[in-house]
Amino acid sequence: MKISVIGCGYLGAVHAAAMVELGHEVVGIDVDAKKIAQLAVGLPPFFEPGLPEILTSAMATGRLRFSTDIAEVAGARVHFVAVGTPQKPGSYAADLTYVDAAVQALLPHLSAGDLVVGKSTVPVGTASRLAGIVEASGTGATLAWNPEFLREGFAVKDTISPDRLVYGVAAGEPGEHATALLNEIYATALAADTPLVVTDFATAELVKVAANAFLATKISFINAMAEIAEVTGADVTQLADAIGYDNRIGRRFLGAGVGFGGGCLPKDIRAFTARAEELGRGESVAFLKEVDAINLRRRQRAIDLTVSALGGSAYNAKVAVLGLSFKPHSDDVRDSPALDVAVQLHGLGANVVATDPQGIENSRARHPQLTYSTDLEETLRGADAVVLVTEWPEFRHLDPVWVGGLVKNKIVIDGRNSFDAGAWRAAGWTYHGLGRP
C-alpha cells in the first residue's frame, strides 16, 4: 500500500522505514529541510539501534522517499500523522500546534476513501475534534487513531513486531473502512497473532497516556520506597526483587535510581494531569503530581549524596559523570535525569567532565557550559568522585580496580544501582547507592 508519514522525527522516521520493511511504499514529509536531506541519503538524524540498517535497506528498494513538499502525499491511501506534541511553555498542557498544522496541511491533498491516522500522543478529545475537521473538509477522507508504544532503543522491533495494536475508529462504515485499511498495513503483525483492540477515539487516546502514567507511577513507587529504605537501612534492590516475584507486580520498572526522563513519560503525565483538570476530573489523576515530584527528588538525592561524599562542597572537585542520555541505547537527552544531575553539579562549582556513548552532541547543544569527553579514561582520570547516572553496559561492567587506578578519590555514587556494591567496596571504594545501605 502507498502511505505517507507526516513528521520525520523519532517516531515518524522509524515508522516510515519500518513500513517499507513490511512491504509498503512510503513518502515521509517534514518541514525540516536538513532532517529530510539526511534521511534521503539514509542517515538517521538521531541514534536508534537497527534504524540505519532498515533505513538503508528501505531506500535500496526504491519504495521510500522523503520530501519537504506536502503535495508529495498525493496518491497515498493512508496518511500517518507522527509529529511532536511537546509541553506548552509555562504549562503542563500538550502543545497541539504541530498536530493541527499537519492535518490542515493534508486536507487539500486528500481524496475520497483516504485515511488520516494519528500516531502522536494527544490529550483525550483531540481525535474526535480532528475527525470533525476531516469530515467537514468534504474530501471523503476519514480519521482513525493508532497510538504508538515505542521504547527508545527498541523502536524498530516495537514497530515491526508490536506487543499490541490499538485502533481508535469512528462508528459504522467509516470505522469499518478504517479498520480494513489498518489491517492491511499491519497484516504481518496480525498474522503473528499480535493482540488487536479496535475501540473508539477516546479509549485509543487514553490507552497511550494511561500506559505511560502507570509506568511512571511504578518507577516513582519504587523510588518512594528507596526514600524509606534510606532512613531505615533497608535495601531497595532486594525489596524490589522480593515484591517483583509476585506476578501481579512484576520486577520490570522497579529499578530505583535517579528516575525517568526522556521525551514521553514526563511530558505525557503532565499533559494528562492538565487535560483531566480541563475535564473537571483533576482529582482522578492528582497522584501524578506526586509521581512527578518523587521523580525530581531522586535527581536531587544523587546530587546531595555526591556533595556529602565530597565533604559538604563540590566546589573545584572533579566529578566524572557517566551518562547523559535519559536511558541507555539512546541519544535522547530531553528531560534527562543524567544531564540534569551534571548541570546542577556544575552549578555548585564542580569541575564536571561528562561522557556518554551517544548523548554528547545533543547535551552540548543544550548545555555548552559542561566539559564533555568521548574518552572514558580521560573522564575518570583524577576524579574526586564518579557518578553513574545512565546505565549503559560499558559503564555497568566497569572494573572497580581499573577505575580505582585512574581516579584521585575512590568515591562512587551509583545513581542507577547498577554496580555490585560489594565488589566496589572490596576494591577500596566508598560506595553510595540510592536506597541501598
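A residue counts as buried when its relative accessible area is under 20%. Keep that cut-off in mind as you look through these views of a predicted model.

**View 1. Strand E6 is covered on both faces.** Strand E6 takes in residues 142-145. On one side sit Thr142 and Ala144, and on the other Leu143 and Trp145; all of these are buried. The general pattern helps here: in a regular strand, side chains alternate between the two faces of the sheet. Which strand pairs with E6 in the parallel sense? Strand E5, residues 115-118, does, over 4 bridges. To find one matching spot, look for Val117, which stands opposite Ala144 in E6.

**View 2. Six strands form an open, parallel sheet.** Reading across this sheet, the order is E11-E10-E9-E12-E13-E14. Strand E11 (371-372) and strand E14 (430-433) stand at the edges with a single partner strand each, so one side of each has no neighbour in the sheet. As a reminder, strands of a sheet pair through backbone hydrogen bonds, either parallel or antiparallel. Further in, strand E12 (residues 385-388) runs parallel to strand E13 (residues 411-414), and 3 bridges join them. Here Val387 stands opposite Ile413 in E13.

**View 3. Gly359 sits in a loop between a strand and a helix.** Strand E10 (351-355) lies on one side of this loop and helix H14 (360-366) on the other. Is Gly359 buried or exposed? Gly359 is buried, because its relative accessible area is 0%. Setting aside neighbours within four places in sequence, Gly359 is in contact with Leu324, Asp331 and Val333. You can also look for Leu339: Gly359 and Leu339 are 20 residues apart in sequence, while their C-alpha atoms are 9.3 Å apart in space.

**View 4. Lys35 is a buried residue of helix H2.** Helix H2 covers residues 33-40, and Lys35 lies within it. Why does Lys35 count as buried? Its relative accessibility is 19%, and the cut-off for buried is under 20%. Beyond its neighbours within four places in sequence, Lys35 is in contact with Cys8, Gly9, Asp30 and Pro45.

**View 5. Glu25 belongs to strand E2.** Strand E2 holds residues 25-29. Glu25 counts as partly exposed because its relative accessibility is 36%. Leaving out neighbours within four places in sequence, Glu25 is in contact with Met1, Lys2, Ile3 and Arg63. Arg65 is another residue to find: 40 residues separate Glu25 from Arg65 in sequence, and their C-alpha atoms are 8.8 Å apart.

**View 6. The whole protein has 18 helices and 14 strands.** Now step back from the close-ups. The C-alpha atoms fill a box of roughly 70 × 50 × 40 Å along the principal axes. The radius of gyration is 23 Å, which agrees with the value near 22 Å for a compact globule of 437 residues. Buried residues make up 54% of the 437 residues. Among contacts between residues at least 6 apart in sequence, 73% join residues at least 24 apart. The protein exposes about 17800 Å², with carbon and sulfur atoms supplying 55% of that area. How many side chains are positive and how many negative? There are 38 positive and 49 negative side chains, and the centres of the two sets lie 4 Å apart.

Key: Residues are numbered from 1 along each chain as its sequence is written. This is a predicted model: local features need pLDDT of at least 70, side-chain atom pairs count only at pLDDT 80 or more; totals for chains, interfaces and linings use all residues. Side-chain values use heavy atoms; hydrogens and water are left out. Helices (H or I, at least four residues) and strands (E, at least two) are DSSP runs, numbered from the N terminus. Buried means under 20% relative accessible area, exposed over 50%, partly exposed in between (1.4 Å probe, protein chains only). Contact means heavy atoms within 4.5 Å. The radius of gyration is taken over C-alpha atoms; the globule rule is 2.2 Å times the number of residues to the power 0.38. Accessible areas come from the Shrake-Rupley method with a 1.4 Å probe; for residues, only the protein chains shown count as cover. Lys and Arg count as positive and Asp and Glu as negative; His and the chain ends are not counted. The place of a charge is taken as NZ of Lys, CZ of Arg, CG of Asp or CD of Glu. Two strands pair if DSSP finds at least two bridges between them.
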